[in-house]
Amino acid sequence: MGDRDFRTIIKNSLDSIGKELDIEIDPKDIQKIHLQEVVRCLRRSYYDRIEPREIERRGFNELLSGLLRKLQYGSDPKEFSLDDIQIKAQADMIVDDSILLFRSANEELENPLANDLLYLNACLWIYDKLDGMIIYITGDRKETTFSLTRNKKMFEEVIRRVRVLNNLLKEQKAPILEPSVECSECQYYSKCYTKKTNTKQVTLAEMLGLGKKDLNE
Ligand code: SF4
């Protein structure tokens, strides 16, 4: 089997397992916003609903959290009402009244990632728990764990972002850019950073300031 075929098989398996494990979001039901949509770039979440593009998956390691959610000790999803909007959340695991999130990492981290903190903190409010942990696991099985006690201000920020996304989806307006490290791997990069250039073909005659007539003379 050629090297190229082998890569295609791995890519296809990653894509199909990834789709199975992805959090289900109904793009038309804009009154249901998933927590995952608001702890990352809102613009990306908006495009995922309005004009989705396939994401490029890089390895089995990034499927970790989805796999854990599907296993029997994964936690059940929960909803939180915000007037006429429902926020959907799903923690990876709940053990001894603590919420656990598992995330893959390329290297041991000094600090937890901001979007993971926002996600965990919101889960603590939605599941009504006081504390939780984020466990990062690298490809060579090194673990780094961070704990968090719930914080109201951080949850209010998530609520604000839920309302913003809901309004922009209603108005069919794309949210502003939120530049971050996420951009480099984002499937909408070209929509945010590369402008369509309006190039006009210039002929040699135009460059030399000659009209068609001059050339034919
Ligand atoms: S490229 Fe960056 S700003 Fe644009 S949608 Fe993706 S993550 Fe958001």
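This is a short tour of the structure, stop by stop, with what to select at each one.

**Whole chain**

Keep in mind from the outset that the model is predicted. Show everything as cartoon and you should find nine helices and seven strands. The protein has 217 residues, of which 20% count as buried. Take the contacts between residues at least 6 apart in sequence: 67% of them join residues at least 24 apart.

**The sheet**

Now select strands 4 to 7. These four strands make an open sheet in the order 4-5-6-7, with mixed pairing. Strand 4 (93-95) and strand 7 are at the edges, each pairing on one side only. Look along the sheet and you can follow a twist that averages 30° from one strand to the next.

Where does the mixed pairing show up? Start with strand 5 (residues 98-105) and strand 6, which run parallel and share seven bridges. To get your bearings there, pick Phe-102 and look across to Ile-135, its bridge partner in strand 6. Helix 5 packs on this sheet, touching strand 5, strand 6 and strand 7, and its direction makes about 160° with that of strand 5.

Move over to the other side of strand 6. Strand 6 (residues 131-138) and strand 7 (residues 143-149) are antiparallel, again with seven bridges. Here, select Asp-131 and find Thr-149, its bridge partner in strand 7. While you have side chains on, recall that in a regular strand they alternate between the two faces of the sheet.

**The hairpin turn**

Zoom in on Arg-141, in the loop between strand 6 and strand 7. The hairpin has four residues between its strands, and Arg-141 takes a positive phi near 65° there. Is Arg-141 buried or exposed? Arg-141 counts as exposed, because it has 6 C-beta neighbours inside 10 Å. Add Ala-105 to the selection: 36 residues separate it from Arg-141 in sequence, while the C-alpha to C-alpha distance is 9.8 Å.

**Two crossing helices**

Next, select helix 5 (residues 114-126) together with helix 6 (residues 152-171). Their axes lie 9 Å apart and the packing angle is about 100°, which means helix 5 is roughly perpendicular to helix 6. Which residues make the contact? From helix 5, show Leu-118, Asn-121, Ala-122 and Trp-125; from helix 6, show Met-154, Phe-155 and Val-158. By class, that contact has six nonpolar residues, one polar and no charged.

**Helix 3**

Stay with helix 6 on display and bring in helix 3. Leu-42, Arg-43, Arg-44, Ser-45 and Tyr-46 of helix 3 are buried. Their cover includes helix 2 (35-38) and helix 6.

**Around the ligand**

Last stop: select the ligand and the residues around it. You want Cys-41, Arg-43, Arg-44, Leu-177, Glu-178, Pro-179, Glu-182, Cys-183, Cys-186, Tyr-188, Tyr-189 and Cys-192. Two elements give two or more residues to this shell, helix 3 (42-50) and helix 7 (189-193). Color the shell by class and you get eight nonpolar, no polar and four charged residues. Two of these names should be familiar from the previous stop: Arg-43 and Arg-44 are part of the shell, and both are among the buried residues of helix 3.

Terms used
Residues numbered from 1 in each chain as written. Predicted model: local features only at pLDDT ≥ 70, side-chain atom pairs only at ≥ 80, totals over all residues. Near = placed C-beta within 6 Å. Nonpolar A, V, L, I, M, F, W, Y, C, P; charged D, E, K, R; others polar. Pairing = 2+ DSSP bridges. Axes fitted to C-alpha atoms, helices over the stretch in contact; angles between N-to-C directions. Parallel < 35°, antiparallel > 145°, perpendicular 65-115°, else oblique. Contact = placed C-beta atoms within 7 Å. Buried ≥ 20, exposed ≤ 12 C-beta atoms within 10 Å, placed from the backbone.
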